[in-house]
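Open the model in a viewer and keep the sequence panel beside it. The stops below are given in the order in which to select them.

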Amino acid sequence: MRGESPGADASRAGLPQVSRRVMRVLGLSPAEEDVYRRLLAEPEVSTHHLRSVLGARAGTVEAVLDRLRELGVVEEHGEGWRAQEPDAAVARLVDDRMDHLLRQVRALAHTGSIVEELERNRADTPVPPDGGAPAETALVERITDPVELQLRLRALSFISCAELLSAETAETLTADHIRRTEPVKHRHLRQGTTVRQLVPPDAVEDPRVVRHLRELAFAGALVRVAPELDRPLTVHDREVAHLPADPVDGDRGTLCVREPGLVDTLVRDFDRLWEEAEEFDGADSPTDAEGDGTISEVQARVLAAMCRASKDETGARRVGLALRTYRRHVAELIHLLGADNRVHAALLARDRGWL
């Protein structure tokens, strides 16, 4: 994960191998996995005991233990060591691995400056008349290729981590548009991004759109209905905005705006509409869009995770929701079922056939 760990040397120094290396994908070396497994089998054993049982030379086990302690999957307890429970340990390793991958994606997303620098070395690259550096990337750019636009928005979903503002019209909320953009917005929500979604009143007359908005709301998005909304708009981290080049003629492409003054104007316009908008009906309702007393797909996943996971952090990760959103769904399910607690809710859910 962060270069070769001390455990990598340990794996070549005599620690025995096991037949299954299931934790390699989480970034553990074979030696680190061996020590973790041994601590699960024999809690609170000493470093000396680990060396004798695993047959490793002095110093190897210590290096592995230091690495595992740094990752938060083992801890000192009394005179020995104790492993974290598998669900907690795997959750920590997944978080660490995801953080590492996110840093890599962010680095890859900024390769444009590398390309520009390399292009300056091309023999046929024209030199600016004043002898200065080539012009910077345009602050307002028109994108006509839908595939290119989708790739850019998808890349932003990996590197944007603070806020996503989205305004959609009834015309843009087609089945194809929802299919392409819904996973992107859910990825933002899983990363903890604040997502604010505006739609016009006529959009919520479409049951398909209502289901889409309800799923976003259940995942943690804030959804409102704005009567004056007349054009789509997307703003990432108040730094990059996308809007139609021509609200009437969609074939003219999409404007990608990075100029701070223009982006600020678009954000202020969005904020004005947001303040005047009404809350989306049913955004916090624990029943489904048809109102037949059943639960949504998201709630069904939360219910299953609630019954199987010992910790909310684990359940939220399995469902793919932010922890706060997951806990809100759990509270809604308990209220919906009329239960006293989670165990009681699980029993009542089984009685209703929800599990």
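Start with the whole protein chain, which has 355 residues, 42% of them counted as buried. The model is a predicted one. Colour by secondary structure and the chain shows 14 helices and 10 strands. About 19200 Å² of the protein chain is exposed, and carbon and sulfur atoms supply 51% of that area. If contacts are restricted to residues at least 6 apart in sequence, 66% of them join residues at least 24 apart.

**Stop 1: helix H10 and its rings**

Select helix H10, residues 260-276, and show the side chains of Phe270 and Trp274. The structure holds 1 aromatic pair. The ring centres of Phe270 and Trp274 are 6.1 Å apart and the planes meet at 15 degrees, so this pair is stacked. The angle decides the label, because planes under 30 degrees apart count as stacked. Phe270 and Trp274 are 4 residues apart in H10, which means that about one helical turn separates them.

Are these two rings buried or exposed? Phe270 has a relative accessible area of 2% and is buried. Trp274 is buried as well, with a value of 5%.

Now add Arg196 to the selection. Arg196 lies over the face of Trp274, at 5.0 Å from the ring centre.

Before leaving the helix, go to Pro260, which also has its place in H10. Pro260 is exposed, with a relative accessible area of 57%. Keep Pro260 displayed for a later stop.

**Stop 2: Ser166 in strand E4**

Next, select strand E4, residues 163-167, and pick out Ser166. The relative accessibility of Ser166 is 1%, so Ser166 counts as buried.

Which side chains make polar contacts with the side chain of Ser166? One is that of Lys185, at 3.3 Å. Another is that of Gln197, joined to the Ser166 side chain by a polar contact of 3.3 Å.

Expand the selection around Ser166. Leaving out residues up to four places away in sequence, Ser166 touches Lys185, Arg196, Gln197, Leu198, Leu233, Thr234 and Phe270. Two of these names come from the previous stop: Phe270 belongs to the stacked pair, and Arg196 lies over the face of Trp274.

**Stop 3: the loop between E7 and E8**

From Leu233 and Thr234, both in contact with Ser166, follow the chain to the loop between strand E7 (233-236) and strand E8 (240-244), where Asp237 lies. Arg238 is found in this loop too.

Check the backbone angles here. Most residues other than glycine have a negative phi. Asp237, which is not glycine, has a positive phi near 55 degrees. For Arg238, phi is likewise positive and near 55 degrees.

A surface view gives the accessibility of the two residues. Asp237 is partly exposed, at 22% relative accessible area. Arg238 is also partly exposed, at 39%.

With Pro260 still displayed, draw a distance from its C-alpha to that of Arg238. The two are 8.6 Å apart in space and 22 residues apart in sequence.

**Stop 4: helix H2**

Move to helix H2, residues 30-41, and select Val35. At 0% relative accessibility, Val35 counts as buried. Between the C-alpha atoms of Val35 and Leu50 there are 7.7 Å, with the two positions 15 residues apart in sequence numbering.

In the same view, select Leu39, which is also found in helix H2. Leu39 is buried, with a relative accessible area of 1%.

Which residues are in contact with Leu39, leaving aside neighbours within four places in sequence? They are Val45, Leu50, Leu65, Val74, Trp81 and Ala83. Leu50 thus appears in the contacts of Leu39 and in the C-alpha distance from Val35.

Add Arg82 to this view. Leu39 and Arg82 are 43 residues apart in sequence, and their C-alpha atoms are 6.0 Å apart.

**Stop 5: cysteines**

Finish by selecting Cys256 and Cys307. Cys256 counts as buried, at 1% relative accessibility. Cys307 is partly exposed, with a relative accessible area of 30%.

How many disulfides does a search of the whole structure find? The search finds 0.

Note on methods
Residues are numbered from 1 along each chain as its sequence is written. This is a predicted model: local features need pLDDT of at least 70, side-chain atom pairs count only at pLDDT 80 or more; totals for chains, interfaces and linings use all residues. Side-chain values use heavy atoms; hydrogens and water are left out. Rings of Phe, Tyr and Trp (its six-membered ring) pair if their centres lie within 6.5 Å; planes under 30 degrees apart count as stacked, over 60 as edge-to-face and the rest as tilted. Helices (H or I, at least four residues) and strands (E, at least two) are DSSP runs, numbered from the N terminus. Buried means under 20% relative accessible area, exposed over 50%, partly exposed in between (1.4 Å probe, protein chains only). A charge sits over a ring if NZ of Lys or CZ of Arg is within 6 Å of the ring centre and within 35 degrees of the ring normal. A polar contact is a pair of N or O atoms within 3.5 Å; within protein, one must be able to donate a hydrogen and the other to accept it, and residues adjacent in sequence count only if both atoms are side-chain atoms. Contact means heavy atoms within 4.5 Å. Accessible areas come from the Shrake-Rupley method with a 1.4 Å probe; for residues, only the protein chains shown count as cover. A disulfide is a pair of cysteine sulfur atoms within 2.5 Å.
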